[in-house]
Amino acid sequence: TEYTDEDGEVHPVVATHLEPTHARKAFPCFDEPHLKATFSIMIDHEVKYRAVSNMPKMKDRSVRSQFIRTEFVRTPLMSTYLVAFVLSDFHEKRAYTNRGVEVSAFYRPGRADMVDMGLNTLTKSIEFFETYLGRVFPLPKLGVVPLPDFGIGAMENWGLITIREDLFYCNSDTSTVDSESIILMRAILAHEVAHMWFGDLVSIRSWNDLWLKEGAAQMLMGPAIQNLVSQGHAHSESDMKSSLLVFSQFTALDVDSSINTHPVSMDISDPTEAASAFDAISYSKSSALLTMLRSLIGEDRFRQGVSKYIKCFQYGAASLDDFLRTMDTTGTIYRKLSASKFMNAWLTMPGYPVVDVTKISDRSYRLTQSRFVNRPNYRATRTKWPIMVTLTTARGKVHRFQMSSRTKVVTFNYRPHFVKLNVNGTMFFRTNYDSQMIRQISERLKKNHTHIFTEDDRASIVSDVLAMAKANKCPMSEALELIRYLPNENSPIVWELALPTLHKIGDTLSNTTHELFQRFMKDLISKGLQLDLPDSVGGNSLRRSLQYYGILYGAPAALKWADKQCEAWVDSDMRQGVSSFIVMYMVKNLNRSSLVWDKLVASSYPQNTVYYEGLAASPQPYFITRLLEGSLTSDWVPMQNRPDILSVVAYYHPSRALHFLKENYDTYFAMYGDAQFIFSNLISAVVSQLKTDEDVAEAEEFFRSVDLGTAERAYHVAMDEVQNQRGWRRCCEEDVRKYLSST
C-alpha cells in the first residue's frame with residue numbers, strides 16, 4: 001500500500017496480512033492454527049524505513065550501503081497466521097500500562113496529534129483484560145499500525161495490531177470528529193486486544209471454531225468499553241450500547257433467519273471456506289450466544305471459567321469441546337443442565353427458534369417452539385433447542401424456566417393481563433405473540449411504554465413483531481399499529497431498529513400501496529422529529545436518522561432543515577462539513593450533481609466519502625456512469641473502498657449496478673475474490689437491492705455461471721431475502737393496503 005503526503009509525494013508501505021491461510025504463500029510452514037512454532041524474524045531494508053514486527057526489535061546492523069538488517073526477539077509459540085511485519089517511514093509514539101507494558105502507535109508523519117485516543121484505548125484495554133481474565137499481557141509490547149489501505153478493517157497479529165487508518169486516527173479535540181467514529185475505534189481496538197488472549201495466546205484448534213475467538217473478542221469488547229466508561233475515558237454507557245453493543249444481537253437474528261444460514265461451529269475443509277466463514281454468524285451470533293451463557297451462569301462464574309480456560313490452554317490450541325468442558329467446571333446453568341449440553345445445540349445447529357405464545361385461558365398460555373425462517377408461509381421444522389425462558393407479566397414479576405420440549409403450557413396463580421417473553425432480550429430467540437397479546441402490548445406501550453418494559457424489552461418487542469410480520473406469522477397491520485407508539489419513544493435503540501426495517505418494507509410495496517405507506521411514514525417521522533432528544537451520541541444519531549428518513553418521506557420539518565443545511569454549505573464555499581444525505585438531497589431535489597461531482601474529484605479520502613455516497617442518488621445517468629467507472633479505477637479512494645461505490649449505487653440504481661458488476665465481474669473477482677468481507681459484502685449489496693422480475697432472473701442466471709469465491713454464501717442469503725420480499729408482497733400487501741386506507 002502507499003500514502004500521499006501534503007506535497008504530493010507518494011510513500012510506499014509494506015504490510016502483511018496472513019489470516020486465514022496466506023502464511024503458506026509467504027514462507028514454508030504448516031499453515032493451520034493449532035500447529036504453532038516460534039519465529040525469529042529478520043528484515044533487510046533501506047535505512048530510511050522502519051521495520052516493526054510481533055516482538056520488540058533486538059538490534060539493527062548494516063548489511064550493505066544504505067541497507068540495514070533489523071532483527072527481532074524470538075516469538076513465543078504462536079500460529080502462523082499471526083506472524084506480521086510492517087515496513088514504512090512512520091513515526092512512533094509510546095505509552096505504558098500501569099504494569100509497564102510498552103504500547104506504541106506507528107503513524108504517518110504529521111499525525112502525531114491523532115493517535116492519543118487510540119493509545120489510551122489500548123493501554124486501558126490491556127489493563128482491564130489482565131484483571132478480567134486473570135492473566136497478565138503475554139508479550140513485552142503491543143504495537144498498532146494504521147494502514148492507508150487495509151480491506152478487512154483490523155487484524156489481531158500478536159503484538160502488532162494492524163488497522164485501517166480511517167478507523168484509527170482521531171483528533172484529541174473530540175469536537176472535530178464524529179463521536180460515533182470514536183466509539184467505533186474504541187470498540188475495534190478493545191476487540192483486537194481481547195484477541196491477544198482469545199485467539200493468540202489460546203488459539204483455535206481449526207477454522208471450524210473461528211466463532212470461539214471472534215465471538216469471545218466481540219463479547220468481551222462490551223465489558224472493556226464499560227470499563228472505559230467507568231474510568232471516564234469514553235462516552236456514557238447508554239451511548240456505547242445504542243451505537244454498537246445491542247445491535248450485534250439484532251444483526252445476528254436478522255442474518256440467521258435465512259434458510260441459507262450456517263451453524264456457528266461448522267466443518268471447513270478448504271481455504272475459500274475459511275475466508276468465507278468471517279461473517280455475522282461467526283462474529284455477532286457467537287457473541288450473542290456467549291452473552292446468553294454469561295447471563296445464565298452469572299458474571300463471576302463466567303469470568304472464573306474463562307480464566308481457567310486461558311490458563312489451561314495458553315500457548316496451545318482449543319476446540320469447542322475444550323471450551324465447554326472448562327465452563328462445565330464452574331457449575332450448571334439450571335438445575336442439572338450443564339453449559340456443554342445447553343450450548344452444544346445452539347452452536348452446532350443452524351438458525352434459532354421462535355416461540356409462539358397463545359393464550360388458552362385466563363391463567364394459562366401455550367408456548368410452542370420451531371425454527372424461525374424469514375420466509376412467508378415457511379413450514380417450520382420440528383427442530384428443538386434447549387431454551388431458557390424468562391417471562392414477565394403486567395405485575396412486573398419475572399419467571400424463569402427451561403423449555404426442552406416443543407410445547408410447554410405455563411399456568412399462573414393469577415390472571416396476567418399479558419405476558420412478555422425473553423426479558424431484556426438476552427436469550428437468542430424470537431417471540432411470536434397472538435393477535436390479542438399484540439393488541440394488549442400495543443395498548444401498554446401507548447399508555448406508558450416505560451412502566452413495565454425496559455429499553456431492551458421495547459427493542460426486542462419491536463424487532464420481534466416486525467420480523468414476524470415480514471415472515472407472515474402475524475399481520476403487518478398489527479405490527480404497524482404497534483409501531484404507532486414510537487412518537488412517545490426517545491430510545492435511539494428502538495427507533496434505529498424500527499426505521500430501516502420499515503423502510504425496507506416500504507420498498508417492497510407496489511406503487512399504490514407505497515403512496516399510502518409514505519403517508520404513514522411521513523406522519524410517524526414528523527412526530528419523531530418533535531421529540532426532545534438528548535445531546536448525546538445516541539440522541540444525535542437518532543436525530544440524523546429521523547432527518548434522513550424525513551427527507552426520503554417528505555416530512556416538512558426535515559425538508560426545511562435540509563434546505564438550510566444546503567444553503568449554509570454553499571455559503572461557506574463548501575468548506576464546512578456536510579452529511580451524505582444532505583448531498584443526496586442536493587442531487588435529487590436541487591439538481592446539484594455537477595457541483596457535487598466537482599467537489600468529489602477535488603477532495604481526498606475519507607472526506608470525499610459523503611460526496612460519492614450522496615452523488616449515487618443522482619437521477620442523471622452521466623454521473624452514475626462516472627461513479628461506476630470510478631469504482632474500478634478511481635484514485636479518489638483507496639482500493640479497499642472502491643467496492644463501496646458500487647454498493648451505494650446499487651441502493652439507488654440496482655439495475656445499473658447489476659449490469660456494471662456483470663460486465664466487470666472478472667476484474668472485481670481478481671481484485672477481491674479471496675478477500676475476507678469485501679467481496680461478499682459487494683455481492684450482497686448488489687443482489688439485495690434487486691426489485692424487478694427481470695433483474696432477479698438475470699442475476700440468478702449470471703451467478704450460476706461464475707465462481708463466487710468467498711461470496712458464495714453471501715449471495716444465496718441475499719437472493720433468499722429478495723425472494724422472501726417478493727413472496728411477502730404477493731401474500732401480505734392487501735392487508736397493508738386495507739390498514740393504511742382505513743387510518
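The largest cavity of this predicted model is lined by N374, K470, M476, K504, I505, T508, E721, N724, Q725 and W728. A cavity here is a set of points, on a 1 Å grid over the protein atoms alone, where a 1.4 Å probe fits but cannot get out, and a lining residue has an atom within 4 Å of a point. The volume of this cavity is about 80 Å³, where a volume is the space filled by probe spheres set on the points, with grid points joined across faces, edges and corners.

Two elements, α14 and α27 (712-742), give two or more residues each to that lining. Helix α27 gives the most, with 4 residues. By character, the lining divides into 3 nonpolar, 4 polar and 3 charged residues. In this scheme Ala, Val, Leu, Ile, Met, Phe, Trp, Tyr, Cys and Pro count as nonpolar, Asp, Glu, Lys and Arg as charged, and the others, Gly among them, as polar.

A word on conventions. Residues are numbered from 1 along each chain as its sequence is written, and side-chain values use heavy atoms, with hydrogens and water left out. As the model is predicted, local features need pLDDT of at least 70 and side-chain atom pairs count only at pLDDT 80 or more, while totals for chains, interfaces and linings use all residues.

How many cavities of 30 Å³ or more does the rule give? The count comes to 2. The second largest has a volume of about 40 Å³, and its lining consists of Q249, F250, L253, N422, G425, M427, F429, S460 and D464. Helices α5 (237-255) and α12 (455-470) are the elements that give two or more residues to this lining, and α5 gives the most, with 3. Here the division is 4 nonpolar, 4 polar and 1 charged.

I return now to α14, which covers residues 492-508. Helices are DSSP runs of H or I with at least four residues, strands are runs of E with at least two, and both are numbered from the N terminus. The expected span of a helix is 1.5 Å times one less than its number of residues. For the 17 residues of α14 that span is 24 Å, and the end C-alpha atoms lie 25 Å apart, which agrees. Of these 17 residues, 13 are buried, so α14 is largely enclosed by the rest of the structure. Buried means under 20% relative accessible area, with a 1.4 Å probe and protein chains only.

Finally, the sheet. Three strands form an open, antiparallel sheet in the order β19-β18-β21; two strands pair if DSSP finds at least two bridges between them. The edge strands, β19 (398-403) and β21 (419-421), each pair on one side only.

Strand β18 (residues 387-393) is joined to β19 by 6 bridges and to β21 by 3. T392 has V398 as its bridge partner in β19 and stands opposite K420 in β21. L391 is matched with H399 in β19. The hairpin of β18 and β19 has 4 residues between the strands, and G396 in the turn has a positive phi of about 85 degrees.

Which residues of β18 are buried on each face? In a regular strand the side chains alternate between the two faces of the sheet. In β18, I387, V389, L391 and T393 are buried on one side, and M388, T390 and T392 on the other.

Methods. Buried means under 20% relative accessible area, exposed over 50%, partly exposed in between (1.4 Å probe, protein chains only). On a 1 Å grid over the protein atoms alone, a cavity is a set of points where a 1.4 Å probe fits but cannot get out, and a pocket is an open set with protein on both sides within 12 Å along at least five of seven lines; lining residues have an atom within 4 Å of a point.
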